[in-house]
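Subject: Structure handover

Hello,

Here is the structure for you to take over. My notes come after it.

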Amino acid sequence: MGEANAAVVQVQISTVKSEPMVALDAAMFKAGHGIEGDRHAGAGSPDKQVLMMDAETLAEFGIDSSVTRENVTTTGLDLTALTPGKLVRLGNTAVVEVTGDCAPCSNMDAVKAGLREGLQGRRGVLGKIVSDGAVHPGDSIAIE
């Protein structure tokens, strides 16, 4: 999976704890704050403003993004190759700095037996927003 055809598949936010994620046609990414409307924006760890996971892994396990609760679902991008400090441009102007891997939590096993173990090292990456911008499904993704 190179980045030449990398794209955003879906953008979603969490508005209420434990409630389903809300898929958006456009999400405003705010540097140093998070995703507008997300319950985590402006609170918690600044290194965990965005969670990105790839659609290929979701398909392999037969699950969808509502289960894994990421903010950005990607395609065509090897997220496991992204190390802390890498910059990921989503669309025209939004930039997320990768801060680390996301460890799968015990909630994954409640969804599907063995899912937590299966997603070790493949759960996606966390990041902080370093440049504002709107992100839409279908937007291109580039590594800077």
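The notes below go from the whole chain to one sheet.

Please keep in mind that this is a predicted model.

Overall

The protein has 144 residues and a radius of gyration of 14 Å, which agrees with the value near 15 Å for a compact globule of that length. Along the principal axes, the C-alpha trace spans about 40 × 35 × 25 Å. The secondary structure consists of 4 helices and 11 strands.

Of the 144 residues, 40% are buried. Among contacts with a separation of 6 or more, 67% are between residues 24 or more positions apart. The exposed surface of the protein comes to about 6900 Å², and carbon and sulfur atoms supply 49% of that area. As for charge, there are 12 positive and 19 negative side chains, and the centres of the two sets are 6 Å apart.

The sheet around strand 3

One open sheet contains 3 strands in the order 4-3-10, and its pairing is antiparallel. Strand 4 and strand 10 are at the edges with a single partner strand each, so each has one side without a neighbour in the sheet.

On one flank, strand 3 (residues 27–30) is joined to strand 10 (residues 133–135) by 3 bridges, and the two run antiparallel. Methionine 28 has alanine 134 of strand 10 as its bridge partner, and phenylalanine 29 stands opposite glycine 133 in that strand.

Strand 3 also pairs with strand 4 (residues 34–35), again in the antiparallel sense, over 2 bridges. Here lysine 30 has glycine 34 of strand 4 as its bridge partner. Strand 3 and strand 4 form a hairpin with 3 residues between the strands, and glycine 32 takes a positive phi near 70° there.

Side chains of strand 3

Which side chains of strand 3 are buried, and which are not? Ala27 and Phe29 point to one face and are buried. Met28 and Lys30 point to the other face and are not buried. In general, side chains in a regular strand alternate between the two faces of the sheet. With the cut-off for buried set at under 20% relative accessible area, Met28 and Lys30 fall outside that class.

Taken with the pairing, this places phenylalanine 29 opposite glycine 133 with its side chain on the buried face of strand 3. Lysine 30, the bridge partner of glycine 34, has its side chain on the other face.

Regards

Technical notes. Residues numbered from 1 in each chain as written. Predicted model: local features only at pLDDT ≥ 70, side-chain atom pairs only at ≥ 80, totals over all residues. Heavy atoms only, no water. Buried < 20%, exposed > 50% of the residue type's maximum accessible area, 1.4 Å probe, protein only. Pairing = 2+ DSSP bridges. Rg over C-alpha atoms; globule rule 2.2 N^0.38 Å. Contact = heavy atoms within 4.5 Å. Areas by Shrake-Rupley, 256 points an atom, 1.4 Å probe, with all protein chains shown as cover. Lys, Arg positive; Asp, Glu negative; His and termini not counted. Charge placed at Lys NZ, Arg CZ, Asp CG, Glu CD.
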